[in-house]
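Trainee: Before we begin, could you show me the structure, and then let me ask how each description of it is justified?

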Amino acid sequence: MSRNEESRLVVSALLALAAGACFGMAWSFSSSAAYTAPAAVRIQPFTSGVAVMHPPVQHQQQALEAASQGSEEFVAVPGALHTESKSYSPWALLALPLIGALAGYLFKSTSSSTNSERQPIALCEVYAPSTDHYTELVMAAVTARKLNTEKSNAIFEEAKTIMPGGVSSPVRAFKSVGGNPIVLDRVKGAYCWDVDGNQFIDYVGSWGPAIVGHANDEVLDALRETLQKGTSFGAPSALENVLAKMVIAAVPSVEMVRFTNSGTEACMGMLRMVRAFTGREKVIKFEGCYHGHADGFLVQAGSGVATLGLPDSPGVPAGATAGTLVAQYNDLASVEALLKGNDVAAVILEPVVGNSGFIPPTKEFLVGLRELTTKYGALLVFDEVMTGFRIAYGCAQSYFGVTPDVTTMGKVIGGGLPVGAYGGRKDIMAVVAPAGPMYQAGTLSGNPLAMAAGIKTMEILQRPGTYEYLDKITKRLIDGILAAGRDAGHAVCGGHISGMFGFFFCEGPVRNYQDATKSDTKKFAKWHRLMLEHGVYLAPSQFEAGFTSLAHTEADIDRTIAAAQEVMKQL
């Protein structure tokens, strides 16, 4: 032991000895005489709502006499009216200091720690999910809570007076699930927080773009660097070349690309381009597939598979949809029937439907479309605004091994900023101005911030194991949700591809929009609200796909499944 350590030991012992002596003296002297509690201590005011405890009968009269001296209502406290007198031996003066000195020595001997022991304690340890079913159920029950949405409600009520329906895009209003929407304040990683401070595991992901997680640090760094140079140029920038080359290298069908500001804008440009290239006006889309809100795409299918489209929204003239034919998804016969009787410019579809819920194609369907369009001289267009770089780095066409003529993109390629794109073979893209006569333009197209965010996002997605991880956690998530539903006696079906998933409250299988409409939407609405109360944020519609991200952890998936098990029992 060093001299310093010996000195500290002596000082510790003396301090403990002194403290013990003081305490011992006080205790000894104050306890040596008989003690009787005064009346003011023996009685206390009675407060309504507190159970009255009656003292022994022999003390009740004393309590009443003491209480009669004041104006308050009193109740006697049992055991406080009389304390037997006790005396204490002076040996306490010696015993207590010795005990204090011993405690000081023990404290000193145990306080010595090695450098490794002095390391700070981790504030947040990685949660190792338990496979014990009971533990998962308890965890879900603990997370359930009655949401405080006071601020969200106030903001939404005000929003309804200044914006149509209180939102900037209809599905955000929670119309199909009931209740008011939560108003978000911030996002990070796999989580979002509303203005009331509620935290949620997020499976909306800004409707798909947040594949590397919200506010990814690397993406933010790229944005800060670009922001120093300006927010918009309205002129060519080198970043457009970089992102364009990345898209061309990744997507089998794309030899040239045009950037836009949204998926809707990309589909509008694509529609005009395929008509300009083929010299034909009619196009085939599929019931339940969404390609933005351009007039020509807002079409509702009739009862027959060969029915001409009718406007699905007021304000869309009949002439705008006269050239739009509607077929049934996963039904090649319905497509060929339309191709035979019409000069069709293009067949346009979501290769995996995400806007009627999650509906995957059969491989035969996609292969058949490729063969049919080639046979009848029509272009095949994959709308990969949702699936692009979401289910595979080369998009759905790479995943399924079927190459279209034209592809539309958005969401992921902007890294969370507004972006869209359409691309295809060089001979097709050559009709787009200024290379060709088909006009399309945009003030903010190729915006440097969107390009920078997209470049960094795609760099991250190229790293080894990215899509394997997305597939692993998403499979575990949807399998857990479906198992929870079946265990609780519900008819459920669903599936996933990579980081995209969905399920329906029906027996299934769901192969097209008509099948999807058999889902119990009232049950889904209740499911959505209860999952919110368990801290899980899902798309507020039965007919929207869900998304995972690289930021979601195994613990997030476990917590979601545990919540699903509890919620399914309550439906």
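Mentor: What follows is a set of questions and answers on rings, a helix, cavities and a pocket, and please keep in mind throughout that this is a predicted model.

Trainee: Let us start with the aromatic rings; how many aromatic pairs does the structure hold?

Mentor: There are 12 aromatic pairs in the structure. One of them joins Phe503 and Phe505, whose ring centres lie 5.2 Å apart with the planes at 70°.

Trainee: Why is the pair of Phe503 and Phe505 called edge-to-face?

Mentor: Two values have to be set against their limits: the 5.2 Å between the centres falls within the 6.5 Å required of a pair, and the 70° between the planes is over the 60 degrees that marks edge-to-face. Both conditions hold, so the pair of Phe503 and Phe505 is edge-to-face.

Trainee: What makes Phe503 and Trp527 a pair as well, and of which kind is it?

Mentor: The ring centres of Phe503 and Trp527 are 5.3 Å apart, and the planes stand at 80°, so by the limits of 6.5 Å and 60 degrees this pair is also edge-to-face. The pair links distant parts of the chain, since Phe503 belongs to strand E16 (residues 500-504) and Trp527 to helix H18 (residues 521-533), 24 residues apart.

Trainee: How do you know whether Phe503 is buried or exposed, and where does Trp527 stand on that scale?

Mentor: Buried means a relative accessible area under 20%; Phe503 has 9% and therefore counts as buried, and Trp527, with 0%, is buried too. Phe505, the other partner of Phe503, is likewise buried.

Trainee: Which residues do ring pairs link into a cluster?

Mentor: Phe286, Tyr329 and Phe365 form a cluster of this kind, joined by ring pairs.

Trainee: What makes you say that Arg186 lies over the face of Trp193?

Mentor: Arg186 is 4.0 Å from the ring centre of Trp193, and the limit for a charge over a ring is 6 Å, together with an angle within 35 degrees of the ring normal. Arg186 is accordingly described as lying over the face of Trp193.

Trainee: Why is helix H19 described as largely enclosed by the rest of the structure?

Mentor: Of the 17 residues of H19, 13 are buried, so the helix is largely enclosed. Helix H19 covers residues 554-570, and its reach of 25 Å from first C-alpha to last is close to the expected 24 Å.

Trainee: Turning to empty space, how many cavities of 30 Å³ or more does a search of the whole structure find?

Mentor: The search finds 2 such cavities, and the largest holds about 150 Å³ of space. Of the 16 residues lining the largest cavity, those closest to its centre include Phe503, which we met in the ring pairs, and Phe501. Strand E16 gives the largest share of this lining, 3 residues, and the lining as a whole divides into 10 nonpolar, 5 polar and 1 charged.

Trainee: What volume does the second largest cavity have?

Mentor: The second largest cavity has a volume of about 50 Å³, and its 13 lining residues include Asp202 and His552, which are among those nearest its centre.

Trainee: Finally, which elements give two or more residues to the lining of the second largest pocket?

Mentor: That pocket has a volume of about 500 Å³, and the elements in question are helix H8 (238-250) and strand E6 (256-260). Its lining divides into 12 nonpolar, 10 polar and 2 charged residues.

Notes: Residues are numbered from 1 along each chain as its sequence is written. This is a predicted model: local features need pLDDT of at least 70, side-chain atom pairs count only at pLDDT 80 or more; totals for chains, interfaces and linings use all residues. Side-chain values use heavy atoms; hydrogens and water are left out. On a 1 Å grid over the protein atoms alone, a cavity is a set of points where a 1.4 Å probe fits but cannot get out, and a pocket is an open set with protein on both sides within 12 Å along at least five of seven lines; lining residues have an atom within 4 Å of a point. Grid points are joined across faces, edges and corners, and a volume is the space filled by probe spheres set on the points. Helices (H or I, at least four residues) and strands (E, at least two) are DSSP runs, numbered from the N terminus. Ala, Val, Leu, Ile, Met, Phe, Trp, Tyr, Cys and Pro count as nonpolar, Asp, Glu, Lys and Arg as charged, and the others, Gly among them, as polar. The expected span of a helix is 1.5 Å times one less than its number of residues. Buried means under 20% relative accessible area, exposed over 50%, partly exposed in between (1.4 Å probe, protein chains only). Rings of Phe, Tyr and Trp (its six-membered ring) pair if their centres lie within 6.5 Å; planes under 30 degrees apart count as stacked, over 60 as edge-to-face and the rest as tilted.
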